[in-house]
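I opened this entry to keep track of what I looked up. My topics are the ligand site, one loop and one helix.

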Amino acid sequence: MLKVHYFPPSPRAFKVLALVHHLEIPFEPRVLDLLKGEQKQPEFAALNPNMLMPVIEDDGFVLWEANAILQYLAAKNPARGMLPEEPRARADVSRWQFWDLAHWEPSLATMIFEHVVKKLANLGEPDPAKVAEAQTRFHRFAKVLEGQLRGRRFVAGDALTVADFSLGPALNLAVPAQIPVADYPEIRRWHASLMALPAWQRTLDLVAPR
Ligand SMILES: N[C@@H](CCC(=O)N[C@@H](CS)C(=O)NCC(=O)O)C(=O)O
């Protein structure tokens, strides 16, 4: 059975768990507590030498990097259409997943770290200079995503794809991470439609603090 190694509060973990739920893949949850340094244990470092989660194990095949995991799981379940087979449609989805890592995620990760992780891990107050820099970067790229979503239900068109599962999860933390989404009605509309997905709700339930 598919094993998913994850730290519940992480949006990168959410990407994988939400897709696993959406594709209705049975899985064995392997919770890893990053706050206790469990990612540095030799058994986990043997799976991912970067000592970062999420990681999956699929009958002996180990894969890390959340967006690569999304592509793999979607490709294994082609009937669900989460990663189109037509080359241009597929390239469009990949483009948004690469854009996620290069441009979208870094600013969001900084805001999440400064406002959420620091509180969780008792690492002190947010650094105003880092927050300001992340916000400037966020606004630059949020305008691009806002334009892309105008006239489209989802990022790559009217069908849900793994691009949505890459780009959406960090916005689940928009309120506590103080991500300035107020001026982006298309982004808010799109994220609300992701929140309404049964798979999104099941994942929120799974990762909720107990
Ligand atoms: N590019 C990787 C990033 C993975 C990553 O940075 N994971 C973080 C949590 S969100 C982690 O495991 N951190 C543990 C550490 O820094 O020790 C991916 O998308 O999977």
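My notes follow, topic by topic.

**Model.** I am working from a predicted model, not an experimental one.

**Ligand site.** I started with the pocket. The ligand sits in the largest one. Next I asked which residues surround the ligand. I listed Ser-10, Arg-12, Leu-34, Gln-39, Met-51, Leu-52, Met-53, Pro-54, Glu-65 and Ala-66. I noted that Met-51 to Pro-54 appear there as a run.

**Polar contacts.** I then looked up distances to the ligand's N and O atoms. Arg-12 places a polar side-chain atom 3.0 Å from a ligand oxygen. For Glu-65, a side-chain N or O atom is 2.8 Å from a nitrogen atom of the ligand. Ala-66 takes part through its backbone: a polar atom there lies 2.9 Å from a ligand oxygen. I also checked how much of the ligand is covered. On its own the ligand exposes 520 Å², and the protein buries 74% of that area.

**The loop beside the ligand.** Two of the surrounding residues, Met-51 and Pro-54, sent me to the backbone. Where do they sit? Met-51 is in the loop between helix 2 and strand 3. Pro-54 lies in that loop too, with helix 2 covering 42-47 and strand 3 covering 55-58. I looked up the torsions next. Met-51 has a positive phi, near 60°, although it is not a glycine. The peptide bond from Met-53 to Pro-54 is cis, and its omega is near 5°. I flagged both entries for the backbone of this loop.

**Helix 4.** I moved on to residues 87-120, which form helix 4. What would a straight helix of 34 residues span? I get 50 Å at 1.5 Å a residue. The end C-alpha atoms of helix 4 are only 43 Å apart. I looked for a bend and found a kink of about 50°, centred on Asp-100. I also checked what comes just after helix 4. Asn-122 is there, with a positive phi of about 55°.

Methods. Residues numbered from 1 in each chain as written. Predicted model: local features only at pLDDT ≥ 70, side-chain atom pairs only at ≥ 80, totals over all residues. Heavy atoms only, no water. Helix = DSSP H or I, 4+ residues; strand = E, 2+ residues; numbered from the N terminus. Expected span 1.5 Å × (residues − 1). Bend = angle between axes of the 7 residues up to and from the residue. Near = heavy atom within 4 Å. Polar contact = N/O pair within 3.5 Å; in protein donor to acceptor, adjacent residues only side chain to side chain. Areas by Shrake-Rupley, 256 points an atom, 1.4 Å probe, with all protein chains shown as cover. 1 Å grid on protein atoms, 1.4 Å probe; cavity = no way out; pocket = protein on both sides within 12 Å on 5 of 7 lines; lining within 4 Å. Sits in = over half its atoms within 2 Å of the grid points.
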